[in-house]
There are 4 protein chains.
Amino acid sequence: MIIVFKPNASNEQMKHVSDYLVEHGFKIHPIQGEEHTVYGIIGNTKNLTPEFFESFKGVSTAFRVLESYKMCSRAFHPRNSKVKIGNITIGGNELAVMAGPCSIENKKMMDNISKKITQHGANFIRGGAFKPRSSPYAFQGLGEEGLIYLREAGDKYGTPVVSEIMAISDIPLFEKYVDVIQIGARNMQNFALLKELARLDKPILLKRGISATVEEWLNSAEYLASKGNQKIILCERGIRTFEKSTRFTLDLSSVPVIKKKSHLPIIVDPSHPMGQRDLVIPMARAAIAAGADGIMVEVHDNPDEALSDGAQSLYPKQFSELMKEIKIIAGALGKTIAKN
Amino acid sequence: MIIVFKPNASNEQMKHVSDYLVEHGFKIHPIQGEEHTVYGIIGNTKNLTPEFFESFKGVSTAFRVLESYKMCSRAFHPRNSKVKIGNITIGGNELAVMAGPCSIENKKMMDNISKKITQHGANFIRGGAFKPRSSPYAFQGLGEEGLIYLREAGDKYGTPVVSEIMAISDIPLFEKYVDVIQIGARNMQNFALLKELARLDKPILLKRGISATVEEWLNSAEYLASKGNQKIILCERGIRTFEKSTRFTLDLSSVPVIKKKSHLPIIVDPSHPMGQRDLVIPMARAAIAAGADGIMVEVHDNPDEALSDGAQSLYPKQFSELMKEIKIIAGALGKTIAKN
Amino acid sequence: MIIVFKPNASNEQMKHVSDYLVEHGFKIHPIQGEEHTVYGIIGNTKNLTPEFFESFKGVSTAFRVLESYKMCSRAFHPRNSKVKIGNITIGGNELAVMAGPCSIENKKMMDNISKKITQHGANFIRGGAFKPRSSPYAFQGLGEEGLIYLREAGDKYGTPVVSEIMAISDIPLFEKYVDVIQIGARNMQNFALLKELARLDKPILLKRGISATVEEWLNSAEYLASKGNQKIILCERGIRTFEKSTRFTLDLSSVPVIKKKSHLPIIVDPSHPMGQRDLVIPMARAAIAAGADGIMVEVHDNPDEALSDGAQSLYPKQFSELMKEIKIIAGALGKTIAKN
Amino acid sequence: MIIVFKPNASNEQMKHVSDYLVEHGFKIHPIQGEEHTVYGIIGNTKNLTPEFFESFKGVSTAFRVLESYKMCSRAFHPRNSKVKIGNITIGGNELAVMAGPCSIENKKMMDNISKKITQHGANFIRGGAFKPRSSPYAFQGLGEEGLIYLREAGDKYGTPVVSEIMAISDIPLFEKYVDVIQIGARNMQNFALLKELARLDKPILLKRGISATVEEWLNSAEYLASKGNQKIILCERGIRTFEKSTRFTLDLSSVPVIKKKSHLPIIVDPSHPMGQRDLVIPMARAAIAAGADGIMVEVHDNPDEALSDGAQSLYPKQFSELMKEIKIIAGALGKTIAKN
């Protein structure tokens, strides 16, 4: 922690701060600048906030020097983490392509879509069985029935499956049916849920909250890692900004930023932020070009009749085109699409 | 729902949309403008999104006409809702003043602070026992022990008590000890939690999520109302913006906006967004001037040693000064501070 | 400037930074923390950015210690600045109330509105003659003719007048007709314009840019002050956020923040951000309660026929009610409405 | 314009609106929905705002149907516009690569850098001579001297040159020395400047304002187009959001959005938003993958000594690597890098 005093701070005011620090076991390293006095604080300041010191009289500002997360930081673990799921390893030179419908609607559609996407090279099947809907009047998902159809599709087409969890009480279902448990954007800071999922031996796909900073996102990952589960895959899915021509603003910058600050793998979901299928395709390509470890895209064989988010679902044919483009872009970076 | 076609949309493209609508039981009211054709759609379009229609070829944009919430809208219930808790009624001409420490630290501090704030006119006692902390390494609260101290303080000083819940499994504790259950900003869209709290006969204080629009906030209230619990008090607590000189940007505009769109009472928490006590006081006054039904402020008798958020806690003496100013401002609007 | 090295930074990497600093005349004050080495840099670092040091290998982050503005900072000038215009002094215990139409439409309307607002206690008349319109097809203002009507109204009703400038070439007109020159939000960082206005001996009303941080706003004020014009009044008018139920989000927190960081007076314009007159009134009251030195509100005697922004203009009767409420709120803070 | 009435709107309230509309020459097309009455308004409503109608009693909301820009919309001009500069055509299948230093510092550096970047395939040279600096104490550029060095480099290495204008009074200099005139983010809504530049026969590179919506950006382009200059190239350069791990949030989504709404070419500047060179490279690649018509990147042969923004400038060797990757990605989309 660095504490900067105002130019006119009195000795008494500075003494008040230093007394507090000494009393609480910290060492102070004072620096006399041209206008300001600055204190460098040595010791474990993780539980102290800059605002706390800014509330002392005579203090101008305070800055945190240490990152608030540790196990998820690149400094702690300089090499890329890799998460192995079935035959696929996420975080290396092979890209994950997770595809499927927004909501699982029935057994037949799940099978149809799974067949097509795996033919075109998807290496994970995704589908929602418990849907976080902002309106209580919207379709809320098939529940366990949906997870069963998803599992069956994964087994039939030989890929791992991913689905989103919303409640602690559903953990046994997800342990039974699902290979990767997704934490949605709205639950990124549902700490009660994070603590429970930290106890499992299942990979977690942790989506970024719509207003979460990169630092908060890594802190949520730290909840998982510090309490026992280090099989974490991050997923960028757009942040909330003033711009309304897309549903959210896909922050692709977070890909290289995460790669710099953390060792965790990161994939990108362009479907939810873009909201319309013709906008999804360019951003899926851009995600790979930015260095993501994979993408998650929605595909539906009859999107006009989809029970949720049909407008953003690719037609299977579009998905096939996208896969071809992505392969070339991946090649420019020395990567390939993983195969099951 | 209003659907606007592109100037150059073909008849075939428009027919594709109208076929879909007719097939799904909607009536169409076409308008031929100077450049665009517009369809007004009649029927229950709550489950259809504008993006869905924007994905049809030839469509330029689509707009929702109906609000997505109903029971919480002013149109549904034109007069102000009032929520009665003990001797206090929130939503009329009497203002709620909820005060207390951020975290409940021990029995003695809870008693000390409660004594002082109730002397100065607080009519609710607040205190956190389960703390949502972005870092897993920060103080997480006393749990049930904290709720007991809070209950004892409420009983001793004759006020209702408020505390934040984080997990469904803690509901029995909150039913036992607490008069108003607070849903924090991070859980505003924890729909699993909302559904469970909707079954209780306890008032709910629903904080706005840090990136929630007013519409999403009212939709979360709708989860409570539509599933059985209409004792809802909204609480504005700041949104996330680019400005970093305060922790969050307190959106006081939401007070008159909510009063216009909804019949629910709304209070304001200036402590969390402002982050520093000297900034809290002006914004508490402003909240009352903007027409809020009350405020929630943090007060601590020894904020330098607080286990969380000390910097934003008022000294009891500051709280006393604030109460005097607020009384005058309330008077300008024909209101008074409620008394237990 | 504070430079924080990564835990695993090599001696060579740190030497590269220290060589650079020594070569450029800075002194280094190293601090050896538990995990990180930190350099405190002594000397004039105003032209160095944190990003610059963050681009050196081995550096984790860098922070600026000094504020980037000087003459406008509270540290430089601890007491409130006061700006005297006619008989009114802004920045003390007397509040400015600037009222009038958005656009000056003709001589008669300017006279009518001015008569009514000054009767009800407005102490400045405002009106736009050059309008910054985002669409090239919208009404662009009467130009010089408008300034003449404004000047006539000011002279007749005995108040100073305020209007917005858009181009350097119009400065002679503003010098001739106007008492306070307003720089609109879109021009807050039009540095060419700021430099020219800095040469005048006229008070400047500097509106905050819609995406300007408080620090950038004060830096724009610094352009004026450092180049010769210290008669600056700041005006908060809302920032751009994700929330769309109001046109902009009025950031009233900036009032106490500016009071803390700067000695300049600050007023608030609630009309533009709120966009609808029934929302303007509560926020005008809140601005005074938050400690602003005045307000600027739009009033129109026939808003349905206004050529711009009619929806947000108060009726004269509403303005009269607002003045009564504001007087009481000002009284709670020991202030009064200034009289010409 | 669509006007939606409240469910409980009275006949008198609706008549007030319809009287206003009829009196002003509009036709009304009423729709009776299940809960709401809706008016479709036919006629030229460009100068009416939704807020205007929302201020009438009984009105719930109003929506604009027509886009506020016309000449820049895809509907007006369905095929891509192409802007020809020297031998290069922007907007087709050949990509523009504009490179060079942030500020022109002296003749020698301008020559050195220009030599290297053109060797590696840059087809435009960029360099700043008039710098928009938020602080009045920062380096403000060499002025005309800088433009001369830029022109000389362009002539020597056979490429067109680009530089940013800040003041109307500098137009003659830019006409003399520069091939493409850049309007910076801070001046995107400097309407006085836009109107003057609209009179020239020079291509304009119009950067997006840091808080400009896509619609506002296209409206600023409309100022140019409607007043005579249709040689417009848009440039995405990041928007302001809550995320602070990058300087701005590069909104690459705007590339496909602009391609959908407008016929104008669009390039991307990843240097300014990312702020650090190792983050610039992935985002430059992503821009091409998202479908941009080119990029603008800063390159410096000695960035540690750069007078501005050294941290974000690529080393010539990095630029060379980037060009190789971009060529492959362009190929995946059927494009090539343009050659002079």
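This tour goes through a predicted model stop by stop, naming what to select and what is found there.

**Chain A as a whole**

Begin with chain A alone. Its mean pLDDT is 92, and 100% of its residues reach 70 or more. For the model, the scores are ipTM 0.93 and pTM 0.93. Displayed as a cartoon, chain A shows eleven helices and 15 strands. The C-alpha trace of chain A spans about 75 × 45 × 40 Å along its principal axes. Colouring by burial is instructive here: 59% of the 340 residues of chain A count as buried. Among the contacts in chain A with a separation of 6 or more, 67% are made by residues 24 or more positions apart.

**The four-stranded sheet of chain A**

Next, select strands E1 to E4 of chain A. They form an open sheet in the order E2-E3-E1-E4, and the pairing is antiparallel. At the edges stand E2 (27–32) and E4 (59–63) of chain A; each has a single partner strand, so one side of each is left without a neighbour in the sheet. Direction ignored, neighbouring strands of this sheet are turned by 20° against each other on average.

Within the sheet, highlight strand E1 (residues 2–5) and strand E3 (residues 37–42) of chain A, which run antiparallel and are joined by three bridges. Which residue of E3(A) is the bridge partner of Val4(A)? The partner is Val38(A).

Now add helix H1 (residues 11–23) of chain A. This helix packs on the sheet and touches E1, E2, E3 and E4 of chain A. The direction of H1 makes about 5° with that of E3(A).

**The corresponding selection in chain C**

Move to chain C and select its strands E1 to E4. Here too there is an open sheet of four strands, with the order E2-E3-E1-E4 and antiparallel pairing. The edge strands of chain C are E2 (27–32) and E4 (59–63), each pairing on one side only. The average turn between neighbouring strands of this sheet is 20°, direction ignored.

Strand E1 (residues 2–5) and strand E3 (residues 37–42) of chain C run antiparallel, with three bridges between them. One pair to display is Ile3(C) with its bridge partner in E3(C), Tyr39(C). Helix H1 (residues 11–23) of chain C packs on this sheet, where it touches E1, E2, E3 and E4 of chain C. Its direction and that of E3(C) make an angle of about 5°.

**Where chain A touches chain D**

Show chains A and D together. Their contact takes 35 residues from chain A and 35 residues from chain D. On the side of chain A, the elements that give two or more residues are helix H8 (254–261), helix H10 (277–289) and helix H11 (316–332). Which of these gives the largest share? H10(A) does, with eight residues. By residue class, the side of chain A that touches chain D divides into 19 nonpolar, nine polar and seven charged.

**Helix H8 of chain D**

Keep both chains visible and select residues 254–261 of chain D. Seven of the eight residues of this helix, H8(D), are buried, so the helix is largely enclosed by the rest of the structure. The buried residues are Ser254(D), Val255(D), Pro256(D), Val257(D), Ile258(D), Lys259(D) and Lys261(D). To see what surrounds them, select H10 of chain A, against which they pack across the chain boundary. In chain D itself, their packing partners are helix H7 (214–226), strand E12 (232–236), strand E13 (266–268) and helix H10 (277–289).

**Chains D and B**

Finally, show chain D with chain B. The contact between these chains takes 21 residues from chain D and 22 residues from chain B. Strands E1 (2–5), E2 (27–32) and E3 (37–42) of chain D each supply at least two residues of the side that touches chain B. The largest share of that side, three residues, comes from E3(D). The side of chain D divides into eleven nonpolar, six polar and four charged residues.

How are the two copies related? A turn of 180° and a shift of 0.0 Å along the axis lay chain D on chain B with an RMSD of 0.0 Å. The two copies are thus related as by a two-fold rotation axis. To locate that axis from chain D, select Phe242(D): its C-alpha is the nearest of the chain, 2.1 Å from the axis. Of the interface residues of chain D, 100% are also interface residues in chain B, so the copies meet through the same surface.

Technical notes
Residues are numbered from 1 along each chain as its sequence is written. Chains are lettered from A and ligands numbered from 1 in the order in which they are written. This is a predicted model: local features need pLDDT of at least 70, side-chain atom pairs count only at pLDDT 80 or more; totals for chains, interfaces and linings use all residues. Two residues are in contact if their C-beta atoms, placed from the backbone, lie within 7 Å. Ala, Val, Leu, Ile, Met, Phe, Trp, Tyr, Cys and Pro count as nonpolar, Asp, Glu, Lys and Arg as charged, and the others, Gly among them, as polar. A residue is buried if 20 or more other C-beta atoms lie within 10 Å of its own, exposed if 12 or fewer, and partly exposed in between; C-beta atoms are placed from the backbone. Copies are superposed by least squares on the C-alpha atoms of residues with pLDDT of at least 70 in both. pLDDT is the predictor's confidence in each residue, from 0 to 100. Two strands pair if DSSP finds at least two bridges between them. Axes are lines fitted to C-alpha atoms, for helices over the stretch in contact, and angles run from 0 to 180 degrees between N-to-C directions.
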